[in-house]
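Student: Before we discuss the fold, could we go through what justifies each term that we apply to this model?

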Amino acid sequence: MRYITITTWEIADGADYDVALRAIEEKRLPALKSFGASRVTVVRTSERTSAAITEWPDKATRDAAELKIDEVRRSVKREDQTRMTGEMKGEIVADV
C-alpha cells in the first residue's frame, strides 16, 4: 500500500526563499528519489514556509530509507538555512 510523508519546513529569517528552494530541488529531492520515493511535491505555504509531500511505494521502502532521510534532514538545516517544523506520515487509504 502506498505511503505518504508530509513534512513542514521553515527557512531562516532573512534567507532568500528562492535560493533555499533551488538547493532543495537540486540536492534534496533527487536524494529522496534515490532512496525509493515515487514522487515528491513541495508546496509553498507562506513567505518562509513549505510542505513537502513525499509518496513512497509502501511503508517498508520508507522505513528502509529512514537513516538516509535523517542524514539529509541534518544537512538541510546546516546547508540550506531551513529547519523541519513537523512531520505526518501514513498509508494512503483513499485516493481519487
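Student: What makes Ala 37, Val 40, Thr 54, Trp 56 and Ile 69 contacts of Leu 32?
Tutor: Contact means heavy atoms within 4.5 Å, and Leu 32 is in contact with these five once its neighbours within four places in sequence are left aside: Ala 37, Val 40, Thr 54, Trp 56 and Ile 69. The model is predicted, with local features needing pLDDT of at least 70 and side-chain atom pairs counting only at pLDDT 80 or more, whereas totals for chains, interfaces and linings use all residues. Side-chain values use heavy atoms, without hydrogens and water, and numbering starts from 1 along each chain as its sequence is written.

Student: Why is the set around Leu 32, Phe 35, Trp 56 and Ile 69 called a nonpolar core?
Tutor: The term requires buried Ala, Val, Leu, Ile, Met, Phe, Trp, Tyr and Cys residues joined through side-chain atoms within 4.5 Å, where buried means under 20% relative accessible area (1.4 Å probe, protein chains only). The largest such core has 15 residues, among which Leu 32, Phe 35, Trp 56 and Ile 69 touch the most other members. Its largest share, 4 residues, comes from α1.

Student: How do you know that β2 and β3 pair?
Tutor: Strands (DSSP E runs of at least two residues, as helices are H or I runs of at least four, numbered from the N terminus) pair if DSSP finds at least two bridges between them; β2 and β3 have 6, in the antiparallel sense, and therefore qualify. One partnership joins Val 40 to Thr 54 in β3.

Notes:
Buried means under 20% relative accessible area, exposed over 50%, partly exposed in between (1.4 Å probe, protein chains only).
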